[in-house]
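Here are some short exercises to work through with the model open beside you. Try each task before you read its solution.

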Amino acid sequence: MAILLSSFYGMAQKTILINDVQIFNGKDEKTTKGNLLIVNNLISKFSTSPIPTDKSANTTIIDGKGKFLMPGLIDAHTLYNTLLPLL
């Protein structure tokens, strides 16, 4: 068990930094330009200032200039019954 725990704690965190991206949060009317740090698939930090990170191989840095970042959207009004004759 000690070997398993030591190997688990020795695993590197997966870090993604998205720089200079327009962010739509789903609540505000306007987007915000900033930087987003994601650590182990969770948003760790949002900042309009640069976010310092280690430039190791474990950090993926994405240039978000000219791109939008937004939460997933759900189409809650889909008419599946119109497709039934085709199935």
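**Exercise 1.** In this predicted model, work out what kind of contact the side chains of K33 and D20 make, and where in the chain the two residues sit.

*Solution.*
- Start with the atoms: a nitrogen of K33 and an oxygen of D20 are 3.2 Å apart.
- Now bring in the cut-off: a salt bridge needs a Lys or Arg side-chain nitrogen within 4 Å of a carboxyl oxygen of Asp or Glu. The K33 and D20 pair is therefore a salt bridge.
- Why can such a pair form? Side chains of opposite charge can pair when their charged atoms come close.
- Next, place the partners. K33 belongs to strand β2 (residues 32-39) and D20 to strand β1 (residues 15-23), so the bridge links distant parts of the chain, 13 residues apart.
- Finally, count: the structure holds one salt bridge.

**Exercise 2.** Sort K33, D20, N40 and L73 into buried, partly exposed or exposed.

*Solution.*
- You need two limits: under 20% relative accessible area is buried, over 50% is exposed, and in between is partly exposed.
- K33 has 46%, which makes it partly exposed.
- D20, at 27%, is partly exposed too.
- N40 comes out at 40%, so it is partly exposed.
- L73 reaches 66% and counts as exposed.
- For the whole protein, 20% of the 87 residues count as buried.

**Exercise 3.** Find where N40 sits, and how far it is from I16.

*Solution.*
- Get the overall layout down: there are one helix and five strands, in the order α-β-β-β-β-β along the sequence.
- N40 lies in the loop between β2 and β3.
- Along the sequence, N40 and I16 are 24 residues apart, while their C-alpha atoms are 8.5 Å apart in space.

**Exercise 4.** Which residues make the nonpolar surface patch, and where is L73?

*Solution.*
- F24, M70 and L73 make the patch, which covers about 300 Å².
- L73 is in the segment after β5 (68-69).

**Exercise 5.** Describe the largest pocket by its volume and its lining.

*Solution.*
- Its volume is about 200 Å³.
- Walk around the lining: I23, F24, N25, D28, K30, T32, L36, I43, F46, L69, M70 and P71.
- The elements that give two or more residues to this lining are β2 and β3 (42-47).
- Sort the lining by class and you get eight nonpolar, two polar and two charged residues.
- Link back to the patch: F24 and M70 are in the patch, and F24 and M70 also line the pocket.

Methods. Residues numbered from 1 in each chain as written. Predicted model: local features only at pLDDT ≥ 70, side-chain atom pairs only at ≥ 80, totals over all residues. Heavy atoms only, no water. Helix = DSSP H or I, 4+ residues; strand = E, 2+ residues; numbered from the N terminus. Buried < 20%, exposed > 50% of the residue type's maximum accessible area, 1.4 Å probe, protein only. Patch = residues over 30% accessible without salt bridge, like charges linked within 9 Å, V, L, I, M, F, W, Y side chains within 5 Å. Areas by Shrake-Rupley, 256 points an atom, 1.4 Å probe, with all protein chains shown as cover. 1 Å grid on protein atoms, 1.4 Å probe; cavity = no way out; pocket = protein on both sides within 12 Å on 5 of 7 lines; lining within 4 Å. Points joined across faces, edges and corners; volume = space filled by probe spheres on them. Nonpolar A, V, L, I, M, F, W, Y, C, P; charged D, E, K, R; others polar.
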